[in-house]
Amino acid sequence: MHELRLMDIEKKYKGKTAVENLNYTFHQGVYGLLGENGAGKTTLMRMLCGVLQPTQGKVLCDDIEIEKMGSEYRRLLGYLPQDFGYYPEFSAERFLQYIAALKAIPKKEADSKIKELLEMVGLTKERKKKLKTFSGGMLRRVGIAQALLNEPEILILDEPTAGLDPKERVHFRNIISSLGKNRIVILSTHIVSDIEYIADEILIMKAGQIIRNGIHKELVNDKEVSVWKCVVEEKEVEEFQANYTVSNLRPHEEKTELRIVSKEAPTDTAIRGEVTLEDVYLYYAQKE
Ligand SMILES: Nc1ncnc2c1ncn2[C@@H]1O[C@H](COP(=O)(O)OP(=O)(O)O)[C@@H](O)[C@H]1O
Ligand SMILES: [Mg+2]
């Protein structure tokens, strides 16, 4: 089992900080990196994979700098980049054969692995079809398969659920849960439900920092976050939206029921609701 450690990792692009002084250690299990666009998820993942040099700090795998490990580290690693490039004229199977060759996996071994992975991502029937005919979700599944070709012990998936439809999302979650049993899996998303129940540990990123981390139960027990339900007049809705984090609203007879994430009760009659991970995420996303 491996350990991946970030030590004072920082990345600046032309003086603008994208990732700020992170320290964190990954062990076996599924890690969900949650953050809105621009939070620094991709920058962090690229540094974890060794394809981007940090401005400062280092990434250690089992106490050795990944840079010094070179190809040995790449053998351990499976990576699905956010902007994964495909070859439109290749079939899914041909594409996987091509990536397997790049990863120097012997042909026989590759063929049986490809068969297994196509089955796993549900593309066996479509394996001979050209990638240019694939939907976004199907391409994502091909991307996940290619990241798994070398049986990586460290798997990094950048927005793997982008473009997946609800059924594919469920399928994907099941795949990830099973993969986390004997490796480090780190996946990024801005969609809370994608990681809510499969991540062993959740890291919320904002403006280049990890602002909260912990298991699901710890995060939803955040002392600073409370959820309130209150019924207000329709003409008041806008005012509440301006002053509070409103996570949901729905008609309630002639009025509107608001779900508000706030430390203090928004009205005298507001009643407490159960805090979800989405509430915590919203609260910190909007907090100054
Ligand atoms: N190559 C780059 N050059 C300049 N700025 C960049 C570059 N890549 C990312 N950034 C900036 O760094 C910040 C973090 O981006 P990114 O890591 O892509 O976040 P996320 O993946 O969470 O959306 C953003 O402000 C983004 O505009
Ligand atoms: Mg990104």
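Strands β7 and β8 run parallel to each other and are paired over five bridges, and in this predicted model one of the residue pairs that ties them together is D158 with its bridge partner S188 in β8. On the side of β3, strand β8 is again in a parallel arrangement, here joined by six bridges, with T189 of β8 as the bridge partner of L34.

**The six-stranded sheet**

These strands belong to an open sheet of six, ordered β6-β7-β8-β3-β9-β10, in which the pairing is mixed. The edges are taken by β6 (77-80) and β10 (209-214), each of which has a single partner strand, so that one side of each is left without a neighbour in the sheet. From one strand to the next the twist averages 15°. Strand β3, residues 29-34, also pairs with β9, residues 201-206, in the parallel sense and over four bridges, and within this pairing L33 stands opposite L203 of β9.

How many of the residues of strand β8 are buried? Strand β8, which spans residues 184-189, is mostly covered, with six of its six residues counted as buried. The burial extends to both faces of β8, since I184, I186 and S188 are buried on one side while V185, L187 and T189 are buried on the other. The two β8 residues named above as bridge partners, S188 and T189, thus appear on opposite faces of the strand.

**The four-stranded sheet**

A further open sheet consists of four strands in the order β2-β1-β4-β5, and its pairing is antiparallel. At its edges stand β2 (16-26) and β5 (64-65), each with a single partner strand, so one side of each lacks a neighbour in the sheet. Strand β1, residues 4-13, is paired with β2 in the antiparallel sense over seven bridges, and L4 is placed opposite F26 in β2.

The strand pairings described so far can be set side by side.

| Strand pair | Sense | Bridges |
|---|---|---|
| β1 and β2 | antiparallel | seven |
| β3 and β8 | parallel | six |
| β7 and β8 | parallel | five |
| β3 and β9 | parallel | four |

**Helix α4 and its surroundings**

Helix α4, residues 92-102, has A92, F95, L96, I99 and A100 as buried residues. Viewed down the axis of α4, these buried residues fall within an arc of 140°, so they line one face of the helix. The cover over them includes α5 (107-120) and α6 (136-148). Just after α4, the residue A104 adopts a positive phi of about 55°.

Why does I99 count as buried? I99, which is found in helix α4, has 21 C-beta neighbours inside 10 Å and therefore counts as buried, given that the cut-off is 20 or more. When its neighbours within four places in sequence are left aside, I99 is in contact with Q146 and L149. I99 and N150 are 51 residues apart in sequence, while their C-alpha atoms are 9.8 Å apart in space.

Helix α6, one of the elements that cover the buried residues of α4, also lies across strands β6 and β7 (154-158) of the six-stranded sheet, and runs at about 165° to β6.

**Domains and the chain as a whole**

The chain is divided into domain 1, residues 4-220, and domain 2, residues 227-286. Taken over C-alpha atoms, the centres of domain 1 and domain 2 are separated by 35 Å. To the contact between them domain 1 gives 11 residues and domain 2 gives eight residues. On the side of domain 1 that touches domain 2, the elements giving two or more residues are β9, β10 and α9 (216-220), and the largest share of that side, three residues, comes from α9. By class, the side of domain 1 that touches domain 2 has six nonpolar, one polar and four charged residues.

Over its full length the chain has 11 helices and 14 strands, and its C-alpha atoms fill a box of roughly 70 × 45 × 35 Å along the principal axes. Of the 288 residues of the chain, 35% count as buried. Among the contacts in the chain with a separation of 6 or more, 68% are accounted for by residues 24 or more positions apart.

Definitions and conventions:
Residues are numbered from 1 along each chain as its sequence is written. Chains are lettered from A and ligands numbered from 1 in the order in which they are written. This is a predicted model: local features need pLDDT of at least 70, side-chain atom pairs count only at pLDDT 80 or more; totals for chains, interfaces and linings use all residues. A residue is buried if 20 or more other C-beta atoms lie within 10 Å of its own, exposed if 12 or fewer, and partly exposed in between; C-beta atoms are placed from the backbone. The arc is that of the directions from the helix axis to the C-beta atoms. Two residues are in contact if their C-beta atoms, placed from the backbone, lie within 7 Å. Two strands pair if DSSP finds at least two bridges between them. Axes are lines fitted to C-alpha atoms, for helices over the stretch in contact, and angles run from 0 to 180 degrees between N-to-C directions. Domain bounds come from an automatic or database domain assignment. Ala, Val, Leu, Ile, Met, Phe, Trp, Tyr, Cys and Pro count as nonpolar, Asp, Glu, Lys and Arg as charged, and the others, Gly among them, as polar.
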